[in-house]
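User: Could you take a close look at the sheet in this model for me? I'd like to hear how it is put together and what sits around some of its residues.

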Amino acid sequence: MRRKDREITDYQKILQIVSGCDCCRIGLVDGGEPYIVPLNFGWEDRDGRIVLYFHSASEGRKIDLIPGQSLTAFEMDTSHRLSPGGTACQFSYLYQCVMGKGRIEILREPAEKIYGLQKIMAHYTDKTDWDFPAATLDRIAVLRLEVCELSCKEHA
């Protein structure tokens, strides 16, 4: 990371920033070219590693690309604010961001899908015990990205 003065290494602070984000973008490779998709997400801390969950339609370009990915990039950001200056070059933009990569997979088992959906719903609501009808589970996809590398940055 070029700006070490902005790097966040405290894991609990990183989790706070993840919790404050409302969109996570994943970066896939399609025939050697990048393909970036913004997604709603949920997350958990699993023994000191972040695991991300995403809801998706069960078909489409993203779903077609996932099996061929060795690693998938992700990025999320929050706390956006303009910092004005006296001249154009003195303006700055304040933010917090988390970026990294990991292994992504499409969950197949209903119990795993429900678990991921509960994490997504918990991220956006205060409720953690949602019901998901079997017919709904059959027609949606739930993705899990196990983070293997991440960095976090804050310009506050």
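Analyst: Happy to help; here is a walk through the sheet, followed by a few of its residues and the cysteines.

A word on the ground rules: this is a predicted model, where local features need pLDDT of at least 70 and side-chain atom pairs count only at pLDDT 80 or more, while totals for chains, interfaces and linings use all residues. Residues are numbered from 1 along each chain as its sequence is written, and side-chain values use heavy atoms, leaving out hydrogens and water.

The sheet is open and antiparallel, with 7 strands in the order E2-E1-E5-E6-E7-E4-E3. Its edges are strand E2 (33-39) and strand E3 (41-46), each of which pairs on one side only. Strands here (E, at least two residues) and helices (H or I, at least four) are DSSP runs numbered from the N terminus, and two strands pair if DSSP finds at least two bridges between them. On average, neighbouring strands of this sheet are turned by 30° against each other, direction ignored. Helix H3 (residues 110-124) packs on the sheet, where it touches E3, strand E4 (49-57), strand E6 (92-107) and strand E7 (140-155). The direction of H3 makes about 105° with that of E3. For such angles, axes are lines fitted to C-alpha atoms, for helices over the stretch in contact, and the values run from 0 to 180 degrees between N-to-C directions. Touching, or contact, means heavy atoms within 4.5 Å.

Now for the pairings. Strand E1 (residues 24-30) is joined to strand E5 (residues 72-83) by 4 bridges, and the two run antiparallel; Arg25 has Glu75 in E5 as its bridge partner. Between E5 and E6, also antiparallel, there are 10 bridges, and Leu82 is partnered by Tyr93 in E6. E6 and E7 are linked by 13 bridges, again antiparallel, with Glu105 standing opposite Arg144 in E7.

Two residues deserve a closer view. His155 is found in strand E7 and is buried, at a relative accessible area of 16% (buried means under 20%, exposed over 50%, and partly exposed in between, with a 1.4 Å probe and protein chains only). Its side chain makes a polar contact with that of Arg6 at 3.3 Å. A polar contact is a pair of N or O atoms within 3.5 Å; within protein, one must be able to donate a hydrogen and the other to accept it, and residues adjacent in sequence count only if both atoms are side-chain atoms. Beyond four places in sequence, His155 is in contact with Arg6, Ser92, Tyr93, Leu94 and Tyr95.

Ser56, in strand E4, is buried too, at 3% relative accessibility. The Ser56 side chain has a polar contact of 3.2 Å with the side chain of Lys62. Not counting residues up to four places away in sequence, Ser56 touches Lys62, Ile63, Ile140, Ala141 and Leu143.

Finally, the cysteines: a search of the whole structure finds 0 disulfides, a disulfide being a pair of cysteine sulfur atoms within 2.5 Å. Cys148 is in none, and the nearest cysteine sulfur, that of Cys24, is 14 Å away. Cys148 is partly exposed, with a relative accessible area of 37%. Cys152 counts as buried, at 1% relative accessibility. The closest cysteine sulfur to that of Cys152 belongs to Cys97 and is 6.6 Å away, which is too far for a bond.
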